[in-house]
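Colleague: I should like to learn how to read a structural model. May we go through some features together?

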Amino acid sequence: MELIKLTIDNRAVEVEKGTTVFHAAKKLGIEIPTLCYMNLADLNIEHKPGGCRVCVVEVEGRRNLAPSCATECNEGMVVKTNSMRVLNSRRTVLELILSDHPFDCLICAKSGYCDLQNMAIKMGVRSIPYQGEKSTYKPDFSPAIIREMDKCIMCRRCETMCNDFQTVGVLSGINRGFEAVVAPAFERDLDHSECTYCGQCVAVCPTGALTEVDHTPQVIRALADPTKTVVVQTAPAVRAALGEEFGLEPGTLVTGKLAAALRRLGFDYVFDTDFAADLTIMEEGSELLDRLGRFLGGDKSVKLPMLTSCCPGWVNFFEYNFPDMLDVPSTARSPQQMFGSIAKSYFADKIAVDRKEMVVVSIMPCVAKKFEASREEFKVDGNPDVDFSISTRELAALIKGANIDFNTLPDEDFDKPLGESTGAGVIFGVTGGVIEAAVRTAYELHTKKTLEKVDFKQLRGLEGIRSASVDFDGVEIKIGIAHGLGNARKLLEDIKAGKSEFHAIEIMACPSGCIGGGGQPLHHGDSSILKARSKAIYTEDELKVLRKSHENPYIIKLYDEFLGKPMSEKAHHLLHTHYFARKLKHIDID
Amino acid sequence: MTSVKLKLKENDVKKIQEICKSFNNEPGELINVLHKTQEYFGYLPAEVQEEVAEGLGISVAKVYGVVTFYSFFTMLPKGRYPISVCTGTACYVRGAEKVLDEFKRILKVAVGETTPDGKYSITCLRCVGACGLAPVVMVGDKTYGRVTTDGVKDILKEYENE
Amino acid sequence: MAKFKTHMLVCGGTGCRASASDVLYENLKKEVKEKGLENDVQVVTTGCFGFCEQGPIVKMIPDNTFYVGVQPKDAADIVAEHALKGRKVDRLLYKDPVKKEHVPDSKHMGFYKKQIRIALRNCGLIDPENVNEYLAADGYEALGKVLLEMTPEEAIQIVIDSGLRGRGGGGFPTGVKWKIAQGVKGAQKYVVCNADEGDPGAFMDRSILEGDPHTVLEAMAINGYCIGATKGLIYIRAEYPLAIHRLKVAIAQAREYGLLGEDILGSGYNFDIELRYGAGAFVCGEETALIHSMEGHRGEPTFKPPFPAESGYLGMPTNVNNVETYANIPVIFNKGAKWFASIGTEKSKGTKVFALAGKINNVGLIEVPMGITLREVIFEIGGGIKGGKKFKAVQTGGPSGGCLTEKHLDTPIDYDNLIASGSMMGSGGMIVMDEDDCMVSVAKFYLDFTVEESCGKCSPCRIGNKRLYEILEKITKGHGAMDDLDKLRNLSNVIKDTSLCGLGQTSPNPVLSTLDNFYDEYLAHITEGKCFASQCKDLIKYEIIPENCVGCTACARNCPVNCISGERKQIHLIDQSLCIKCGACMEKCKFNAVTII
């Protein structure tokens, strides 16, 4: 490895060849500000368009200023990050960006979390000398994501996520010059595009240009309505990230405080989506065993590999992009929808409440869940199984708005029966978790033996595409895992071409799985946060007494009392779904 | 970009597919494909861009992003007599702006627009390389040199009865 | 060309074609045939002669008679008189504007006297659609010499020794560029000719491609051999149909003659060329943007390094040069690096082609040795300012350049001097302005262009140029304030300092150079609400001088908005609230009764 010596702000530093000035400065503790640069190193996502020009620095011997994010260090380089020339340029560029930005910061969804706002604070901007025309666009309200492109600063991070990482291809830079902006084709609204609502654009947007639809007002209204029984479920990834909104270290588990906060907000029943995750394993695991059994028995019509179906972004993706492969994914509904379905049938019966008087709220790390909850097939007589889905961020806002001092809350438990879960349900929140949970159950159901070692380390990790095999007592089960829709696409193309060797594949739309979801606290491009969340999830799993879904006593009870057995007719009716080919053509739209 | 809708007929779709195929359905040939397609349809409405995207296996957003980047591509049909006023520097200093204003005033359309009857459209172009004749106006393939504001009426008169 | 006694060269460049030179060509052929002169007189369509101001041009060889403003109907006279009887048609000869005499041939024309034609050597001399004519003019000799007698290293050294620098604007030494590209390993390398001439007011590349396409093909093949590339691409504006046509013809002919394709001239070297079309984006003149455009993307530039030489088209090592640069290459090999380096100044060798336009008598395409002064170009070659007006400024370098003034007239033109004067060489547009041009408006014109052509990728160029334009507009409308001048300057400096590519890094030059050289004009707009050139509509008023008005009604009849009232033989009056300041009244008034205040 070649080392390079250079000087930054009169301090010597030695870095590996190929290091950029931005990172070399970081090594010295100098944080050069930037608005467009993004580096999720472990996920192979580096976005350095060199577009915002806020990170410019002075390099001795160079005619103009250099963007530190894209300029590689050279031997003997002399760099200044805070000369008058740099500071004046940086401030002027920031003032220019602000001159084309709305000033409704007080009521902006990103207020307090906005990189642009933070930078204006940091630089002490007090006036905008360069006034002129501002870009204006029609706001776009989709079922899950809001686009207010007046606030776009053309960092293009969303475009990179949508195209390079997710290969969804809904967003592109359009027009040029002052009119340039990022938009779907023909500047249609997102719900007239093939957007999967994965929310990764929202997760990386530095300003309020891309935000999630806010459902907290509806939740507050439901909570205030004495005629409604309000039931809440919370997804596994939420407990590993919510603390960040309250200043806790990334990776702090706040499961107990979360339950306490929800109770203080006034929810009548505080349940856990992890319960439904266990239920998903029962159904999906059984479906896998069924397909495998038929396949090994020589049934050529059976579709293998079977793909998981708990990620709504992924479901949208294959409905748009692989309409001829709709029979490949499992028919099992996602945990959110299984929960809603059971809550409004089994549980509603139990507490003798009409489903129309019950409001199911879900707390999700996700924005696609909002869309999923609104799907017609998940409604009974127009009444949705899940009434409102709110993100981790929205929940944090609810808690703050209700004067709840989150950090001093006691640890409380979830309510029974839909609040009990196993470690298998918890790991749904991270890439590889669903399939690991499925393996724990499928192994025991198939081999009828007790699994001694429940940790399948070979299924874990952050590689975009992973493969592993698990020995099912002599039968080798080959498993594929992908997170990120671009990686998923590769596996799908293999299946289409008949080249896939897998029996089962887990797919999550977001980087690192739900912990990196579009509804989570913003990671601002810091992948160490995602790693910390992942670690927290596995810790929660290890702390659980029960770690296999089929051992969850309330799941057993649910089948005994209500569903019969996995994949029974009733289970099919309540817990499974079907998919639709949704390829769009202009002609279909208007 | 404002646009006009076009209902594609079966042979239109076939034509686009042929064009894509003639470039080996290679995504890198997008701009060449768009040139050929615009040559055929006269403009690039959304429906056409969708077919091109499908033909080359790329996203419609990407096609739209390229179409809106280059000034040569248009989503609006041009008039039967497309008027292009050169606004290169040589023509500018010899009064092209006044000539352009006069066309806009008489035809009551802005640059990039087409008259409601579909007869004329006005665009600006950058230097046709006939600076000796500045200011230069083109109507279709015909070039008019040393155009004055008065001359605008005379040019339009030529097309009055057509 | 030996068997004919007389050759009639008819300019087939875009300018002359626009004045029906194609019909003229047909008429000449018809006349020649009717007079039975087919074996004595050859009529040839050539590329641009450069003297576009007075086109269409017909030149007679061997006596160099130079006919200007030739109409299709003049064909009969030229054939009957000149070809048949050997008598010059006086009325078609170029008339010296000073001496008011007819000039017998091109050698005596001021326009050509100081020119040295290297890049344009064949333009206006050979039929661009006939490879044999190019071959007869030493065509492909350089390629043969390089392929059969030289190693790539030797050939590159010659280009380095010649001192040739990129003619597209940057002025990077061409030989050094080749050497870098040669040193990079790649499975497939590319040679790219940048023919996306987008400078508003420049048409030199177009003229070369239309007048001498083979010279570009030959140079690209030499370039390919030197760096180890087997594929060449020409990125050309789709708005150049004639140039595209001639390139296609030339490529086909070169392939047919074994000058392109496999095993060129038996050397074992393979090289072929394809065309790629631009689609109207000035920023694609920047090489990384050009490459993205060729790959089918939005033409947005990317940060360098990596340079195209390391990672260019499809990620492969790519060398990009512009048309004019290539047009110099064959001559350098034919006549030697030393010869080439003997022309020009110490750091800028050879010649430069300029598109001379604006308020000048001889608009046209000229090629002059580096080191010539602006005075020589404007007043000797260009024949001075049109209509006897006063010279005010000359703009070089297009939207990236600046406005130079009287005090720069004796500066020798080369890359470094122009930059030192606050302008730049650019691709070679040279626009002359007179006292009727408002320099604030000129700066605004260029900013309007930049705002429209900015790709929008980086903030300073996307928003900063827009703000520059808005401030300039404010000033031209009479709403400027003194601190606007500070804003213009700071903004300009920051945009130059922080923009991603050459477009933004140079776009404020028109503002800075006019601020430097015409500060008093800015001041007059701001503090007195005055536009010296009477160009800014919001700062002027048309009024009728009662003493001069005879009531002829000419102004009222010609007013497009009917804002002039007055009976016949009565003094007329302009309604200022309706006036659009088009100036038609002033133009039409024969009695000097309309004035601007």
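Modeller: The following turns treat a chain, a strand and an interface. This is a predicted model, in which local features need pLDDT of at least 70 and side-chain atom pairs count only at pLDDT 80 or more, whereas totals for chains, interfaces and linings use all residues. Residues are numbered from 1 along each chain as its sequence is written, and chains are lettered from A and ligands numbered from 1 in the order in which they are written.

Colleague: What is the radius of gyration of chain C?

Modeller: The radius of gyration is taken over C-alpha atoms, and the globule rule is 2.2 Å times the number of residues to the power 0.38. Chain C, with 597 residues, has 26 Å, which agrees with the value near 25 Å for a compact globule.

Colleague: Is strand 13 of chain C largely enclosed or open?

Modeller: Strands (E, at least two residues) are DSSP runs, numbered from the N terminus, as are helices (H or I, at least four). A residue is buried if 20 or more other C-beta atoms, placed from the backbone, lie within 10 Å of its own. Five of the six residues of strand 13 (residues 429–434) of chain C are buried, so this strand is largely enclosed by the rest of the structure.

Colleague: Which strand of chain C runs parallel to strand 13?

Modeller: Two strands pair if DSSP finds at least two bridges between them. Strand 9 (residues 351–358) of chain C runs parallel to strand 13, joined by four bridges; C:L356 has C:M430 as its bridge partner. Strand 11 (residues 391–396) of chain C pairs with strand 13 in the antiparallel sense over five bridges, and there C:A393 stands opposite C:M433.

Colleague: How many residues of chain B are in contact with chain A?

Modeller: A contact requires C-beta atoms, placed from the backbone, within 7 Å. Twelve residues of chain B are in contact with 14 residues of chain A. Helix 4 of chain B gives the most to this side of chain B, with five residues.

Definitions and conventions: A residue is buried if 20 or more other C-beta atoms lie within 10 Å of its own, exposed if 12 or fewer, and partly exposed in between; C-beta atoms are placed from the backbone. Two residues are in contact if their C-beta atoms, placed from the backbone, lie within 7 Å.
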